[in-house]
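Visitor: I'm new to this one. Can you walk me through it?
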Amino acid sequence: MAVLLLGLVLFLGVHSTRIVAEGWRTRAMVQMGQGPWKGVYSLVAIAGLALIVWGYGLARQSPVQLWNPPRGMNHLAALLMLPAFVLLAAAYVPRNAIKARLHHPMVLGVKTWALAHLLSNGTLADMLLFGAFLVWAVFSFRAARGRDRAANVQYAAGTAAGTVGAVAAGLVLYAVFALWAHRWLIGVAPLGR
């Protein structure tokens, strides 16, 4: 469990600098330069992600069961993952109404992903992993919206084509992940195949 916790601290810690230390982050970026800052940031994030994957894998070998989710929670999680993937796609597809309205769809997608997995999994490792990401996403979204208000950020209006593209990309990602990639990467078939 220590490896998972260290990974979460590194990965979510580096991703929390804008939440808890915006001024320090700006000063560090100026002192180091944008390229070196991004390099260090990326290395810490990659190390954290690798430790999360390794630590979660280790924890799954001898799980500590905290609760047994009812079977319906798996179905609810699968349903919640549809909007999670659409929100993820909306972060990257230009000029879509989802991003125009929500402003930070990726963070909302992380929230939805974490909640879905908290509902359908009951081990200590699941609670730590998905709970940590859910808490981070709540604070990250709040901080991002606060920065937007302070800087009077205006988001481009969405177009029908952009919105359809975001939804279509999200649905394709969902299908690939639910039908193949989740089992290949995680070892669990979310749709029971």
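Guide: We'll go through helix packing, then the cores, then a few single residues. Keep in mind that this is a predicted model.

Visitor: Okay, helices first. At what angle do helix 5 and helix 9 pack?

Guide: About 130°, with their axes 7 Å apart. Helix 5 covers residues 72–90, and helix 9 covers residues 160–186.

Visitor: What do you call that arrangement of helix 5 and helix 9?

Guide: Oblique. An angle over 145 degrees would count as roughly antiparallel, and 65 to 115 as roughly perpendicular, with the rest oblique, so helix 5 and helix 9 are oblique to each other. Their crossing is right-handed.

Visitor: Which residues make that contact?

Guide: From helix 5, they include Ala78, Met81, Leu82 and Phe85. From helix 9, they include Ala166, Val167, Tyr174 and Phe177.

Visitor: And by class, what's in the contact of helix 5 with helix 9?

Guide: 15 nonpolar residues, 1 polar and no charged ones.

Visitor: Now helix 7. How far apart are the axes of helix 5 and helix 7?

Guide: They are 8 Å apart. Helix 7 runs over residues 105–120, and the angle between the two is about 170°. Angles over 145 degrees count as roughly antiparallel, so that word fits helix 5 and helix 7.

Visitor: Is that crossing left-handed or right-handed?

Guide: The crossing of helix 5 and helix 7 is left-handed.

Visitor: What meets what there?

Guide: Among the helix 5 residues are Met73, Leu80, Pro83 and Leu87. Helix 7 brings, among others, Met106, Thr112, Trp113 and His117. By class, this contact has 16 nonpolar, 5 polar and no charged residues.

Visitor: Let's zoom in on Thr112. Is threonine 112 buried or exposed?

Guide: Buried. Its relative accessible area is 15%, and under 20% counts as buried. Threonine 112 sits in helix 7.

Visitor: What does threonine 112 touch?

Guide: Leu80, Pro83, Ala84 and Leu87, not counting residues up to four places away in sequence.

Visitor: Switching to cores. Which residues touch the most other members of the largest nonpolar core?

Guide: Leu4, Leu8, Ile52, Leu129 and Phe133, out of 27 residues in that core. Helix 1 (2–14), helix 4 (34–61), helix 5, helix 7 and helix 8 (124–151) each supply at least two of the core's residues.

Visitor: Which helix gives the largest share of this core?

Guide: Helix 8, with 7 residues.

Visitor: What is leucine 129 in contact with?

Guide: Leu4, Leu8, Ile52 and Tyr56, leaving aside neighbours within four places in sequence. There is also a second, separate core of 8 residues, which includes Ala78, Phe85, Tyr174 and Ala178.

Visitor: What about valine 53, buried or exposed?

Guide: Exposed. Valine 53 has a relative accessible area of 57%, and the cut-off for exposed is over 50%. Valine 53 lies in helix 4. Its C-alpha atom is 8.2 Å from that of glycine 7, though the two are 46 residues apart along the chain.

Visitor: Last one. Where is proline 69?

Guide: In the loop between helix 4 and helix 5. At 22% relative accessibility, proline 69 counts as partly exposed.

Visitor: Which residues is proline 69 in contact with?

Guide: Leu119, Ser120, Asn121 and Gly122, again leaving aside neighbours within four places in sequence. The C-alpha atoms of proline 69 and threonine 123 are separated by 9.8 Å, and the pair is 54 residues apart along the chain.

Conventions
Residues are numbered from 1 along each chain as its sequence is written. This is a predicted model: local features need pLDDT of at least 70, side-chain atom pairs count only at pLDDT 80 or more; totals for chains, interfaces and linings use all residues. Side-chain values use heavy atoms; hydrogens and water are left out. Axes are lines fitted to C-alpha atoms, for helices over the stretch in contact, and angles run from 0 to 180 degrees between N-to-C directions. Helices (H or I, at least four residues) and strands (E, at least two) are DSSP runs, numbered from the N terminus. Angles under 35 degrees count as roughly parallel, over 145 as roughly antiparallel, 65 to 115 as roughly perpendicular and the rest as oblique. A crossing is left-handed if the near helix is turned anticlockwise from the far one by less than a right angle, and right-handed if clockwise. Contact means heavy atoms within 4.5 Å. Ala, Val, Leu, Ile, Met, Phe, Trp, Tyr, Cys and Pro count as nonpolar, Asp, Glu, Lys and Arg as charged, and the others, Gly among them, as polar. A nonpolar core is a set of buried Ala, Val, Leu, Ile, Met, Phe, Trp, Tyr and Cys residues joined through side-chain atoms within 4.5 Å. Buried means under 20% relative accessible area, exposed over 50%, partly exposed in between (1.4 Å probe, protein chains only).
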